[in-house]
Amino acid sequence: MSERDVFEYALLRVVPRVERGECFNAGVLVYCRAKSFVAACTHLDETKLRVLDPEADVAGVQAALRAVEGVCAGGEAAGQAAHDDAGRRFRWLIAPRSTVVQPGPVHTGLTADPRAEAERLLELLVR
């Protein structure tokens, strides 16, 4: 059996109209301290978005999801977080906020491959 490490994950939720509180999952953030790994996998269901808010800014929501992916990737795409380690970037991304794209609660698990875990969670909880 391969060695498994603790990982943390949070769903990314789209809340088209914050005042109504209706949401759906559009991505997952995965962090594994042992592997210095952080990544976001996203998928925006535009049909769901338009059902909850026919006037939704689809391009704006997509840009917000890409920004989360950029922060996870680090480097220039991470903006001010470019020089932060994976853990700091994850903690910044899971901080509560009142925006259209919001993080859900953090959960934990064990994995031998955090990248594969991110893809598995995307398929299971988002798509």
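**Entry 1: Thr 111**

I began with the side chain of Thr 111, which in this predicted model reaches the backbone nitrogen of Asp 113 at 3.1 Å. I then checked where Thr 111 sits and found it in strand S4, residues 101-111.

Is Thr 111 buried or exposed? I noted a relative accessibility of 4% for Thr 111, so I entered this residue as buried, the cut-off being under 20%.

I next listed what Thr 111 touches, leaving aside residues up to four places away in sequence. The list for Thr 111 reads Glu 3, Arg 4, Asp 5, Phe 7 and Glu 117.

**Entry 2: strand S2 and its partners**

I turned to strand S2, residues 24-32, and looked at how covered it is. I found 8 of the 9 residues of S2 buried, and wrote the strand down as mostly covered.

Which way do S1 and S2 run relative to each other? I found strand S1 (residues 5-14) antiparallel to S2, with 7 bridges joining the two. As one pair to locate by eye, I picked Arg 13 and its bridge partner in S2, Asn 25.

I did the lookup again for S2 and strand S3, residues 37-42. These two strands also run antiparallel, joined by 6 bridges. Here I marked Val 30, whose bridge partner in S3 is Ala 39.

**Entry 3: the S2-S3 hairpin**

How many residues lie between the strands of the hairpin of S2 and S3? I recorded 4. In this hairpin I noted Ser 36, which takes a positive phi near 50 degrees.

Conventions: Residues numbered from 1 in each chain as written. Predicted model: local features only at pLDDT ≥ 70, side-chain atom pairs only at ≥ 80, totals over all residues. Heavy atoms only, no water. Buried < 20%, exposed > 50% of the residue type's maximum accessible area, 1.4 Å probe, protein only. Pairing = 2+ DSSP bridges. Polar contact = N/O pair within 3.5 Å; in protein donor to acceptor, adjacent residues only side chain to side chain. Contact = heavy atoms within 4.5 Å.
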